[in-house]
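Work through the exercises below with the sequence and the structure open. Each one sets a task and then solves it in steps.

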Amino acid sequence: MTSGISRRARVLAAAVGTGVLVPLVAAATPAAAATPTVTCASAKAGLAAKLKKDITAALAGRKGTVAVGLYDRSTNTTCTLRASSAYDSASVVKVTVLATLLWDAKKTNRYLTDRENTLAKAMITKSDNAATSTLWKQLGMTKIKNFLTAAGMTQTKPGANGYWGLTQITVTDEQKLLKLLTAKNAVLSDNSRSYILKLMGQVVSSQRWGTPYGVPSGVTVAVKNGWLQRSTNGWRVHSVGAFKGGGHDYVMTVLTHGNSTMNYGITTIQAVAKVIHKDLAAS
């Protein structure tokens, strides 16, 4: 080829010969156009726009990949960001483990044993990994998958070979689970729901970061967090929470990975939580 042909022309000419011209042109579309944005809707005038603006601002300049879910029954408000993106669950899957245990016990019309109660309390309030592994193994993959089906958590994929912390979760499914915990339904009994929320309300103080950050006084808090470092995507740091009071009844999920440190992820989650609590309290 002569030097008079531009590099781009040479690339396109080469592409014609390989039959990949269309993908090359498609790839030239600006990537920024596909960047997910916060989407909110509300029955309360002005609230959706306020939340969208404030959550977007809270995430501005933050590194990592963040997914957000909010649902407030009182104002029929929802916000989502990357709702279907999959994340390694880390310890937030422990709420699913306990829900599965209670769902399975209900089917056979039995109460949890003293041993199961002890394991459940350690798993949720202290994020005890050994207790979780014991219950995960006891339940087995079939029961866990059957619960996910019953709960409509179709995007959740249990971790293989006992690696419950590598369960794939999404904001959509975590929000489904939180909704089941906070309103009457056919999947979990009222006693089961109150038991899970009670334990999530007794999480040790050192693990009460994340979604409860900035919660107004007088609002009840139920929380479960997760954190895990891997060689790819850095730290996964997640927080799920249920909040009731001040005229609101809401559930929140924030999932993150690509964090340089655990604290960096916590700071990102808390920036989001703070504006959500503030905007709802003011509405």
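The exercises go from the whole chain to single residues.

The model is predicted, so local features need pLDDT of at least 70, side-chain atom pairs count only at pLDDT 80 or more, and totals for chains, interfaces and linings use all residues. Residues are numbered from 1 along each chain as its sequence is written, and side-chain values use heavy atoms, with hydrogens and water left out.

**Exercise 1. The whole chain**

Describe the secondary structure, burial and contacts of the protein chain.

Step 1. Helices (H or I, at least four residues) and strands (E, at least two) are DSSP runs, numbered from the N terminus. The protein chain has nine helices and eight strands.

Step 2. Buried means under 20% relative accessible area, exposed over 50%, and partly exposed in between (1.4 Å probe, protein chains only). Buried residues make up 47% of the 283 residues in the protein chain.

Step 3. The accessible area, from the Shrake-Rupley method with a 1.4 Å probe and, for residues, with only the protein chains shown as cover, is about 13,400 Å² for the protein chain, and carbon and sulfur atoms supply 57% of it.

Step 4. A contact means heavy atoms within 4.5 Å. Among contacts in the protein chain with a separation of 6 or more, 65% are between residues 24 or more positions apart.

**Exercise 2. The disulfide**

Find which cysteines form a disulfide and state which parts of the chain they tie together.

Step 1. Search for pairs of cysteine sulfur atoms within 2.5 Å, the cut-off for a disulfide. The count comes to one disulfide.

Step 2. The partners are cysteine 40 and cysteine 79, with an S to S distance of 2.1 Å. Cysteine 40 lies in strand 1 (residues 39-41) and cysteine 79 in strand 3 (residues 77-81), so the bond ties together parts that are 39 residues apart in sequence.

Step 3. The torsion about the S-S bond of cysteine 40 and cysteine 79 is about 115 degrees, and therefore the disulfide is right-handed.

Step 4. Check burial: cysteine 40 is buried at 17% relative accessible area, and cysteine 79 is buried at 1%.

**Exercise 3. Salt bridges**

Trace the salt bridges of lysine 278 and aspartate 88 and say which elements they link.

Step 1. A salt bridge is a side-chain nitrogen of Lys or Arg within 4 Å of a carboxyl oxygen of Asp or Glu. The whole structure has ten salt bridges.

Step 2. Lysine 278 pairs with aspartate 54, N to O 3.9 Å. Lysine 278 is in helix 9 (residues 262-281) and aspartate 54 in helix 3 (residues 47-59), so this pair ties together parts that are 224 residues apart in sequence. Lysine 278 is partly exposed at 44% relative accessible area, while aspartate 54 is buried at 9%.

Step 3. Lysine 278 also forms a salt bridge with aspartate 279, their closest N and O atoms being 3.4 Å apart. Through shared partners, salt bridges join Lys50, Asp54, Lys278 and Asp279 into one network.

Step 4. Aspartate 88 and arginine 236 form another salt bridge, with the closest N and O atoms 2.8 Å apart. Aspartate 88 lies in strand 4 (residues 87-88) and arginine 236 in strand 7 (residues 235-245), so the pair ties together parts that are 148 residues apart in sequence. Both aspartate 88 and arginine 236 are buried.

**Exercise 4. A buried lysine**

Describe the surroundings of lysine 94.

Step 1. Lysine 94 is in helix 4 (residues 93-107).

Step 2. Lysine 94 is buried but has no salt bridge, and the nearest side chain of opposite charge, aspartate 128, is 7.0 Å away. For charge, Lys and Arg count as positive and Asp and Glu as negative; His and the chain ends are not counted.

Step 3. The side chains of lysine 94 and serine 91 share a polar contact of 2.9 Å. A polar contact is a pair of N or O atoms within 3.5 Å; within protein, one must be able to donate a hydrogen and the other to accept it, and residues adjacent in sequence count only if both atoms are side-chain atoms.

Step 4. Leaving out residues up to four places away in sequence, lysine 94 touches residues including Met123, Asp128, Trp164 and Lys224.
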